[in-house]
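User: Could you take a close look at the enclosed spaces inside this protein model, and then set them beside the side-chain contacts and ring pairs found elsewhere in the chains?

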Amino acid sequence: MDRFRLVFTCAVLILDTVTIQAQENDSLYFQFEPDSLHLTIGDSANVKITLFSEDSSLSNNQFLITGAWESVGVRPWISNLEGVANVLVKVFKPGSFKLRARNITSDRFNRVRGSMPITVPFPPIAKAEFIDPPRTAYEGTTIKFAVRVLDQAGITRQDVQPDFESSSPEIADFDDFGHLTVYRRGRVQLTVRAERISSSIDLRVVRNPVRKIDLSLHANDYRTGDVITFQAKALTASGRTVEDAPVIFSFTGKAVYGIGLPASGQITPHGKFVAENPGDYTIFATSGGYTASKTIRITARNIQKRAKLVGHGLITDVFTSDLWVWQGIGEFKDRDFAVTGTWEANGEAYFWEVTDPSNLVIIDTVTVDARTVNDVKVSADGKIGVLTREGASTRKNGVVILDVSNPYDVKILSEFNDGLTGGVHNAFIYDNHVYAVNNGRKYDIINISDPENPWRVSSYELNTPGHSIHDVWVENGIAYSSNWNDGIHVVDIGGLNFSERNRHTILNNPVLQAAGKGSHRNPILMSSKTDTTGRNHAAFPFLSESTGDFYVIAGDEHFPFGLGEIENMVPANPRGGYHFLNMNDFKKPVEEAIYQVPEAGSHNLWVKGDTLYTAFYQGGLRVVDISGELLGDLYKQGREIAFYLSNHKNGRMSNATMAWGPQPYKNHIFFSDMNSGLYAIKLVEYDDDDGDE
Amino acid sequence: MLLSWLNMTMMMVMNKKDFIQKLIFTVLFLLLIINPLKGRNYYIYVTAESQDEVHVVKFDGKKAVVIKDIPVGVWPLEIEGPHGLTISPDGNYWYLSLAHGFPFGHVYKYETGTDKMVDRVELGLFPATMQISAATGLLYVVNFNLHGEHEPSTVSIVDPEEMIEIKRVETGVMPHGSRLTNDGLKQYSVAMMSGMLYEIDVLQFDISRTLFTGRNKQTNMQHSMGSMDHNKPMKKHTKHKMPKEKPTWVYPHPADTHVYVVNNGIDNVVEIDLRKWAITRQFKTDKGPYNCEVSQDGKYLVVTYKSAAKTGIWDLNTGQELVRLKNTRRVTHGVVISPDSRYAFVSVEGIRGEPGSVDVFDLENLTLVDHAEVGKQAGGIAFWKMVD
């Protein structure tokens, strides 16, 4: 009976307590004084926060105060026992934030929260100035003025639209975008203003001697994608060239297909024009009210070929990752082999004989402790292979070094995981060294001269905040890495020794000409360029055989629908393309062209001659003509030679193309598809009906 | 007998208030005598770190089955590494740490039931274990930095309603295990490569005490505001002497009197008295102890033995290991005990392409009851709910 009374009593007390507590917390509220803050970066302010009961008396409830890491600092974090806090708030970044308060209670259903807005504008503008403005101008011309706006933090402010002003609009006047139209001779003061900061320059307008424009081009048959250089000369009446007269280029046109397809193209300020569609285009050169024009006929590039399937090594039970194809050595020197990795599987790499590309056969399997073998590489001499490891059961990951001299019986020589526990996503073998991307933070350079005893020589790591690296490719003693937000890095690891054999290669490559000071032990940065998309994923060097221009092709990878795809378990739908960075002046790389397939995403690539081979995920394999000068959108210019959509009903994911990486090899193109294995294709003419799949 | 008692009770009702009081009394009486285990289902969330999935496992007292597979992350073609899991105290949300990023990891917030992603916040390198404080309602996440340089890392404090990071508290090298006392006022973590236990006072947002987790060098440091400025980063430790203890987990006793620290490197679990701030007992375990948990009734300590591929069940009163049971595969990882103290659910990673598993141990009968196969490298595990 006592026990029952005890239980009963407890029940009553519990019910009563809960009721009282619920009544208390339902009525608590925070008051912030002031009720909002507007601060500049680095400023601080005092805020009094009180937690009141319903009857406006002090609640006698303690509470916590919080800001935001690295943005809003608060002191103290906690109120007094009565429920009052005098808080010092300090702000470190621009943006919109909240100062928050929450009471301390284990009754989470009745936890009371309050907040107060804090607005921190960007720092005030410190400088607004013209960039390299002219001091004289010809009457009757139009000049675009470039401007730089900097704030007090030294940051260039792209979000601030400057105002332009002319002291004498009848002499020269600006539009809203910084284009100055010069009407007549005289002197004028030009001002650029951003917020309350301004700067001015004086401009003298002189008589314009231009009386005609001479426009010429090299006569030829031009196709879409061909870059045509127009030479424009502004001439006086006597025919003297006015060197500094500004010439504006423009074009109009009519596409062959009529109104439905635009006569689209691109023309640069220096007169380089490229057409995307066949048709007739008229290019204009204008200066000082005088214009010249030329009409040209652009024909279709017509380089398309058919990608014919020659052989397919179907993999049905696991995802396939990267590949490498090579020629055997020793007793196998008359045969060809390939290796493919596996992804989110059992740590296997498959070795294939591909001598007959129509008959791709797995001849050996190497299994390592990993769930993903993301990358596979073989040394140039065909002796040593490397597999990368991620998801090892021991969490040690690293790389595995193989003897592939007999691809029918591949042997594991050693494992190297010292400091590589975070996983190696990509690797490259060059000059008895493995370049291994370490935990996505840097690449380690590992000496494998004695492949059974590899050792780390050095590392290359960026020093930017939050840096991350995806891949590295080494060619002719230069390492090209792709570093997401930080873009591509071109690193000297020794270049090429000057010899009769290498002379031509070096002299034709501006990067190689300057390289040679670095080494495996001492990699030296030569050049870098951030990716405007922030998603740099691949980097591949390309020396054009047709023009001698040197590019680094920078790939970007993006999964804008990633969350939904994962949640709905549908095939991935990435985006991204390749940016052609002209490295002729390697200290100032300039993006000149882009290749991107609509509604598909770029992955790995290879260049051979003046042809780009690329795996475009759901867009399949793409083969692109990158000969000649490059400018603009290569896809729209009809430079794509061929494509192949790989997929199989019995693939790991059925009927879903997901090309991973290509390698052109001996008149065939081998590539791996994540969902269906290894492919060998050949490019044939469209009317080649020599039996296909 | 029960019915006659009820009749008597009803007949004795003199007024409405008496009747209500006796009704409450009757309900409580019934609750006291009814077997609480009849028809109870247990629900657990578990991660598959090498498969970018989280699974919901249901156990009905006899059989464990996977009832849901939840793909996680936002990069379909990169393994983002789901590692740590916790459920909000109200059971409405679960929180998941994704260890890998470019380069920083994230904590994601999902709704329980629908398992829809609600929001995420970027934290540090390899965010791992985490828990929400009952007192503050804030989420405490260790940034494990498992594969980085051996330098001090941090505990991130996150507002889980807004999913914003409020503060980072610097602790030691490779912090792991983030657990709070039941009153929610102290958060504990260990630093694997510092050999230290860290206590954060949640009301001060700072470290209040540290303790070396081994026996020989008892470094007992009391921290107070102003004695060490934790806002300034410590010097980078490019080389430091790695402790042999390598603590990997800490778990508080439900009475908030002790914590239990797993020393993976020396195969023991130490019991630390929170009042004395000293090691009071040591339990010699099998090879490679990794995680542990104490049952809500304070009776059992369950320890996972990663290297031995076993799970040990200890009687905390006697300090004796009752049984050491083999797991269904290798690389034993995490453990969570049902709130009724009846079952321990242990995640086991597996090797390479082998599925991971959740092994279910009966703490009364000290047996392996069943297991459910999940994705590769099963790791983080959290108890969601019991449903009768």
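Analyst: What follows starts with the cavities and then turns to aromatic rings, two individual residues and chain B as a whole. The model is a predicted one, and the values below are computed from its atoms.

The count of cavities of 30 Å³ or more comes to 4. The largest cavity has a volume of about 200 Å³, and its lining is made up of 18 residues, among which A:Asp322, A:Asp471, A:Trp473, A:Asn604 and A:Leu605 are the closest to its centre. Strands β27 (319-327), β39 (471-475), β40 (478-482), β43 (536-543), β47 (605-608) and β52 (659-665) of chain A each give two or more residues to this lining. By residue class, the lining of the largest cavity divides into 11 nonpolar, 4 polar and 3 charged residues.

The second largest cavity has a volume of about 140 Å³. Of the 15 residues that line this second cavity, those nearest its centre are B:Thr129, B:Trp249, B:Asn291, B:Gly380 and B:Ile381. At least two lining residues come from each of β4 (82-87), β8 (127-132), β12 (175-180), β25 (332-337) and β29 (378-387) of chain B. The lining of the second largest cavity consists of 5 nonpolar, 9 polar and 1 charged residues.

Turning to the aromatic rings, the count over all chains comes to 57 aromatic pairs. In one of them, the ring centres of A:Trp326 and A:Phe337 are 5.9 Å apart and the planes meet at 40°, so the pair is classed as tilted; the tilted class covers angles that are neither under 30 degrees, which would be stacked, nor over 60, which would be edge-to-face. This pair links distant parts of the chain, with A:Trp326 in strand β27 of chain A and A:Phe337 in strand β28 (residues 336-343), 11 residues apart. Both A:Trp326 and A:Phe337 are buried. The strand that holds A:Trp326, β27, is also among the elements that give two or more residues to the lining of the largest cavity. In chain B, ring pairs join B:Tyr43, B:Tyr45, B:Trp94, B:Tyr108, B:Tyr110 and B:Trp384 into a cluster.

Two residues of chain A can be followed through their contacts. A:Ser458 lies in strand β38 (residues 455-460), and it counts as buried because its relative accessible area is 11%, with the limit for buried set at under 20%. The side chain of A:Ser458 reaches the backbone oxygen of A:His520 at 2.5 Å, and, leaving aside neighbours within four places in sequence, A:Ser458 is in contact with A:Tyr443, A:Asp444, A:Ile445, A:His520, A:Arg521 and A:Pro523.

A:Glu591 is found in strand β46 (residues 590-595) of chain A, and with a relative accessible area of 32% A:Glu591 is partly exposed. Its side chain and that of A:His579 are joined by a polar contact of 2.7 Å. Not counting residues up to four places away in sequence, A:Glu591 touches A:Lys529, A:His579, A:Phe580 and A:Leu581. The C-alpha atoms of A:Glu591 and A:Glu165 are separated by 33 Å, and these two residues are 426 residues apart along the chain.

Chain B, which supplies the strands around the second largest cavity, has 2 helices and 29 strands. Of its 388 residues, 60% count as buried, and among contacts in chain B between residues at least 6 apart in sequence, 44% join residues at least 24 apart.

Conventions
Residues numbered from 1 in each chain as written. Chains lettered and ligands numbered in written order. Predicted model: local features only at pLDDT ≥ 70, side-chain atom pairs only at ≥ 80, totals over all residues. Heavy atoms only, no water. Helix = DSSP H or I, 4+ residues; strand = E, 2+ residues; numbered from the N terminus. Buried < 20%, exposed > 50% of the residue type's maximum accessible area, 1.4 Å probe, protein only. Contact = heavy atoms within 4.5 Å. Polar contact = N/O pair within 3.5 Å; in protein donor to acceptor, adjacent residues only side chain to side chain. 1 Å grid on protein atoms, 1.4 Å probe; cavity = no way out; pocket = protein on both sides within 12 Å on 5 of 7 lines; lining within 4 Å. Points joined across faces, edges and corners; volume = space filled by probe spheres on them. Nonpolar A, V, L, I, M, F, W, Y, C, P; charged D, E, K, R; others polar. Phe/Tyr/Trp six-rings, centres within 6.5 Å; stacked < 30°, edge-to-face > 60°.
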